[in-house]
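Biologist: Please give me a close look at a single part of this one, the salt bridges. Set them against the chain as a whole, and bring in whatever else belongs in the picture.

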Amino acid sequence: MVVARVKFYGVVRDIVSSPQVELEMSQQEPSLRQVLAHLAEKYGKKFTERVLDSGCGVKPYVKLFVNSEEIDSSKLDTKLQIKNGSAEVTVYILPATEGG
């Protein structure tokens with residue numbers, strides 16, 4: 001079992017009412033898409049509308065990082081690698097800030 005630690009920022013943090021959650025994933029090496037699907041199921045419509053697009057990717061203004069590496073929508077099916085023998089990965093979900 002893999003524990004995915006997910007950290008939220010900005011309005012996404014407000015939607016989930018927490019700066020961080022830990023998800024126990026039954027897959028040995030889950031994909032980022034599976035983590036996002038799990039979050040969408042857990043947090044519902046508000047999370048889905050703010051983070052995900054209609055094509056099963058992420059909105060263009062949402063940035064995803066896995067263990068400090070930025071991941072774009074074309075790489076959501078990449079398996080999350082277990083680092084240093086640890087069964088934990090950290091996923092950061094950052095919406096872009098408004099303004100200009």
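Modeller: Let's say two residues are in contact when they have heavy atoms within 4.5 Å of each other. Counted that way, 56% of the contacts with a separation of 6 or more in this chain are between residues 24 or more positions apart. Keep in mind that we're looking at a predicted model.

The backdrop goes like this. The chain has two helices and five strands, and from the N terminus on the elements run β-α-β-α-β-β-β. Of its 100 residues, 35% are buried. Its accessible surface comes to about 6,000 Å², with 47% of that belonging to carbon and sulfur atoms.

Now for your salt bridges. Side chains of opposite charge can pair when their charged atoms come close. Searching the whole structure turns up four such bridges. One of them joins Arg5 to Glu22, with the closest N and O atoms 3.3 Å apart. Arg5 sits in strand β1 (residues 2-8) and Glu22 in strand β2, so this pair ties together parts that are 17 residues apart in sequence. Glu22 has a relative accessible area of 45%, so it counts as partly exposed.

Another of the bridges is within a helix. Glu49 and Lys45 meet through their side chains at 3.8 Å, N to O. These two residues both lie in helix α2 (residues 32-51), four residues apart, which is about one turn of the helix. As for their surroundings, Lys45 is exposed because its relative accessibility is 63%, while Glu49, at 47%, is partly exposed. The cut-off for exposed is over 50%, so the 47% of Glu49 leaves it partly exposed.

Then there's Glu70 with Lys63, whose side chains form a salt bridge at 3.8 Å, N to O. Glu70 is partly exposed, with a relative accessible area of 44%, and Lys63 is partly exposed too, at 39%.

Charged residues turn up again in the largest pocket, so let's stop there. The pocket holds about 200 Å³ of space. Eleven residues line the pocket, and those closest to its centre are Val66, Glu69, Ile71, Thr78 and Lys79. By type, the lining divides into four nonpolar, three polar and four charged residues.

Thr78 and Lys79 also lead us to Ser31, since their names come up among its contacts. Ser31 has its place in the loop between β2 and α2. Leaving aside neighbours within four places in sequence, Ser31 touches Leu76, Asp77, Thr78, Lys79 and Leu80. With a relative accessibility of 4%, Ser31 counts as buried.

Another loop serine makes a nice counterpoint. Ser17 is found between α1 (10-16) and β2 (20-25), and at 66% relative accessibility it is exposed, whereas Ser31, at 4%, is buried. The backbone is worth a glance there as well. Most residues other than glycine have a negative phi. Ser17 has a positive one, near 60 degrees.

Back to the bridges, then. If you're turning the model on screen, start with Arg5 and Glu22, the pair between β1 and β2. After that, try Glu49 and Lys45 along α2, and finish with the bridge between Glu70 and Lys63.

Terms used
Residues are numbered from 1 along each chain as its sequence is written. This is a predicted model: local features need pLDDT of at least 70, side-chain atom pairs count only at pLDDT 80 or more; totals for chains, interfaces and linings use all residues. Side-chain values use heavy atoms; hydrogens and water are left out. Buried means under 20% relative accessible area, exposed over 50%, partly exposed in between (1.4 Å probe, protein chains only). On a 1 Å grid over the protein atoms alone, a cavity is a set of points where a 1.4 Å probe fits but cannot get out, and a pocket is an open set with protein on both sides within 12 Å along at least five of seven lines; lining residues have an atom within 4 Å of a point. Grid points are joined across faces, edges and corners, and a volume is the space filled by probe spheres set on the points. Ala, Val, Leu, Ile, Met, Phe, Trp, Tyr, Cys and Pro count as nonpolar, Asp, Glu, Lys and Arg as charged, and the others, Gly among them, as polar. Accessible areas come from the Shrake-Rupley method with a 1.4 Å probe; for residues, only the protein chains shown count as cover.
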